[in-house]
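Here are my comments on the model you sent, set out as numbered points. Please read them with the coordinates open.

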Amino acid sequence: LPGALIHITIGLISALIVHKLHQKLEFSLAIFLGNLLPDVLKISLLMMYHNSTDLSSIIQSNYHQFTHHLVNGFNFTFMFFLFWIVLGWLLYHFHFVRKKKFTEWEEFVIFLLVGYVTHLVLDASEWFFYLYLPTIPIWL
């Protein structure tokens, strides 16, 4: 979890921007939670695999790379959000969610997806920061 502080910071900044634009706490929470969701899913999968809740041993596990590729993959991301969209349509179809609330449900899922994709972009671009930032001279 060395990048957790970066993801929390970016999540808070994006949540503040969304809250300022839309004035809805649900949407800002959705983008913040979407930004933390990949790491939560990775830790949850590792906890289930190891049948343990000891966070220090789970983070040092050799299977961390496996869950990284599994959770950050396109197929998992697509299926995860397809599940939420289908769940919303089913709730709407069986009249558990009214039309006005269904529109908010769609927006909630979109902001969750934006936060999730933001996290994936940060994870994909971290190699740039680790490789090139230490080589940039301080006086620039």
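1. A residue to begin with is Asn35, which has its place in helix H2. The structure is a predicted model, and in it Asn35 has a relative accessible area of 0%, so this asparagine counts as buried. Leaving aside residues up to four places away in sequence, Asn35 touches His7, Ile10 and Gly11, and also Gly115, Tyr116, Thr118 and His119.

2. One of those partners, His7, is found in helix H1, which spans residues 4–22. With a relative accessible area of 5%, His7 is buried because the cut-off for that class is under 20%. The side chains of His7 and His119 are joined by a polar contact of 3.2 Å. Again not counting residues up to four places away in sequence, His7 touches Asn35, Leu36 and Asp39, together with His119, Leu122 and Asp123.

3. As for the overall fold, the protein chain has six helices and zero strands, and its pattern, read along the sequence, is α-α-α-α-α-α. Of the contacts in the protein chain with a separation of 6 or more, 63% are accounted for by residues 24 or more positions apart. Buried residues make up 29% of the 140 residues in the protein chain.

4. Which residues make up the largest nonpolar core? There are eight of them, namely Leu37, Leu41, Phe80, Phe81, Val109, Leu112, Tyr116 and Leu120. Two or more residues of this core are given by each of helix H2 (25–50), helix H5 (74–93) and helix H6 (99–132), and the largest share, four residues, comes from H6. Apart from this core lies another one, of seven residues, including Ala30, Ile31, Phe32 and Phe111. As background, nonpolar side chains tend to be buried together in soluble globular proteins.

5. Two members of the largest core deserve a closer look. Phe80, whose place is in helix H5, has a relative accessible area of 16% and is therefore buried, the class being defined as under 20%. Phe80 touches Leu37 and Leu41, not counting residues up to four places away in sequence. Phe80 and Leu113 are 33 residues apart in sequence, while their C-alpha to C-alpha separation in space is 9.7 Å. Leu112, for its part, touches Ala30, Leu33, Gly34 and Phe81 when residues up to four places away in sequence are not counted.

6. On the outside, the accessible surface of the protein chain comes to about 10000 Å², and carbon and sulfur atoms hold 74% of this area. A nonpolar patch on the surface is formed by Phe78, Met79, Leu82, Val86 and Leu90, which together have about 450 Å² of accessible area. Of these patch residues, Met79 lies in helix H5, the helix in which Phe80 also has its place.

7. A last point concerns backbone geometry in the loop between H1 and H2, where Gln23 has its place. Is Gln23 buried or exposed? At 57% relative accessibility Gln23 counts as exposed, because that class begins over 50%. Although Gln23 is not a glycine, its phi is positive, at about 55°.

Definitions and conventions
Residues numbered from 1 in each chain as written. Predicted model: local features only at pLDDT ≥ 70, side-chain atom pairs only at ≥ 80, totals over all residues. Heavy atoms only, no water. Core = buried A, V, L, I, M, F, W, Y, C linked by side-chain atoms within 4.5 Å. Buried < 20%, exposed > 50% of the residue type's maximum accessible area, 1.4 Å probe, protein only. Contact = heavy atoms within 4.5 Å. Patch = residues over 30% accessible without salt bridge, like charges linked within 9 Å, V, L, I, M, F, W, Y side chains within 5 Å. Areas by Shrake-Rupley, 256 points an atom, 1.4 Å probe, with all protein chains shown as cover. Salt bridge = Lys/Arg side-chain N within 4 Å of Asp/Glu carboxyl O. Polar contact = N/O pair within 3.5 Å; in protein donor to acceptor, adjacent residues only side chain to side chain.
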